[in-house]
Amino acid sequence: MGYKYKLSFWQIWNMNVGFFGIQYSFGLQQSAVNPIYDFLGASPDQIPLLNLAGPMTGLLVQPLIGALSDKTWSPRWGRRKPYFLIGAILCSIALLLFPFSSSLWMAAGLLWILDAGNNTAMEPYRAFIADKLDDEQLPLGFQMQSFFTGFGQTLANISLFIFPMIFIGKTGSLPTWVYASFFLGAICSIGTIWWSMRTTQEIPPTAEELAHLKENKGGLFDPLIEIFSAIGEMPKVMWQLALVYLFQWYALFCYWQNSSKSIALSVWNATPQNNPVAYEEAVSWTGLVNGWYNVVTFISAFALVGFTKKYSPKTVHAFCLLLAALGFLAFPNIHDKNFLFFAITGFGIGWASMMGIPYLLVVSEIPKERYGVYMGIINMMIVIPMIIQNLSFGFILKHFLNNDSRLAITFAGVLLILSAVCTLLIKTKKAKLSE
């Protein structure tokens, strides 16, 4: 790649605006899809399997897209931006269609399309930041994505609280507010990606790099060969990060799948079956609670930039994971709905760290010509724990946790403590990013 110029704060802001749309969509996946499954009649132990779409598409799509984007260059469209655009279009189509789901399996099928779109856009966006910014500006670039993660998911979750007050009643088999939230998500997805594409130019490859790209176009299976080759040559720090992610992402899926039902039980003593009206109120309140942790995320994201420069990124990440764990352990034992905001604040700080700091641990140890494929492999480290969770947690919940969603949140807290311990065991070539 050509020379990396220093960018202003607002240039880095503009290049990351598209992440807002991606994360609004992801926020709906976290907070609205599982209640939709509940409204369509799913039992608690079916939820993990119905969520299998997300990690399966991530496992297949992101490394392939990352490898392809490494070998892409168009003078008009660039290297990473074509993948943002395709992903945004897929997301918008799926979000427009999702509220019309008339059955569990229709909703699950649309979730596959939605997640394929998100995954097509996500990791090329991570590589886009690594392409554009030098070592000094990388912390700001990745934490800017944490900011937009929090901001996008905040608005997605707040829509679940506000829209039921505005859009009352049902349309088809689902509440009318579902349509409003998902339609707004479709607009945000395509609109913000368009803004970043319009305001930010990619760095063109040098003549030598362009010649190398033309010589190494490869065949149909070349991206797969590249993925396996990159895994075989993966730096040790990425294997260490994989263990952190095993516990971290298993825990997060336990929370997202069970937060609404946990709040319904602990605050309203309700389930979708015994008191559907109270359960819908709990879903609305969960949107507000999850919106709050994302507010904390975008407030704390930039503060973490300074901490990663003063302390080692792994120390900051371990501390943030511990705060999130303490929040999860307290969460299911709270009976006053207002105190839930205090518990979930720890997760908001942890989520800000999860969305940026792990990339700082590895980006200096991977070759720049493989940013795309390695960002895709990092996502494999995220989705494999999710797949394990989706395949195993239904059994655990039913046979060991008595199908009690409150115990699922406690279980998630314990896993985050294990993740924090594993983070402290990571050894990098650079103890501090600034060294």
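1. Let's start with the nonpolar patch and the helices behind it. In this predicted model, helix 5 (81-97) and helix 8 (176-199) each give at least two residues to the nonpolar patch. Helix 5 has the largest share, with four residues.

2. Which residues make the patch? They are Ile89, Ile93, Leu96, Leu97, Phe100, Met106, Phe183 and Ile190, and together they form a nonpolar surface patch of about 650 Å².

3. Met106 deserves a look of its own. This patch member sits in helix 6, which covers residues 104-132. Is Met106 buried or exposed? The answer lies in between: Met106 has a relative accessible area of 33%, so Met106 counts as partly exposed. Patch residues need over 30% relative accessible area, and Met106 has 33%.

4. Now please turn to the second largest pocket, which holds about 210 Å³ of space. Helix 7 (138-166) and helix 12 (276-310) each provide at least two of its lining residues. Helix 12 gives the largest share of that lining, four residues.

5. If you would like to find the pocket on screen, pick out its lining: Phe161, Pro164, Met165, Phe167, Ile168, Gly169, Pro175, Trp177, Glu280, Glu281, Ser284 and Trp285.

6. What is the make-up of this lining by class? Eight of the residues are nonpolar, two are polar and two are charged. Glu280 and Glu281 are among the lining residues, as are Gly169 and Ser284.

Notes. Residues numbered from 1 in each chain as written. Predicted model: local features only at pLDDT ≥ 70, side-chain atom pairs only at ≥ 80, totals over all residues. Heavy atoms only, no water. 1 Å grid on protein atoms, 1.4 Å probe; cavity = no way out; pocket = protein on both sides within 12 Å on 5 of 7 lines; lining within 4 Å. Points joined across faces, edges and corners; volume = space filled by probe spheres on them. Nonpolar A, V, L, I, M, F, W, Y, C, P; charged D, E, K, R; others polar. Patch = residues over 30% accessible without salt bridge, like charges linked within 9 Å, V, L, I, M, F, W, Y side chains within 5 Å. Areas by Shrake-Rupley, 256 points an atom, 1.4 Å probe, with all protein chains shown as cover. Salt bridge = Lys/Arg side-chain N within 4 Å of Asp/Glu carboxyl O. Buried < 20%, exposed > 50% of the residue type's maximum accessible area, 1.4 Å probe, protein only.
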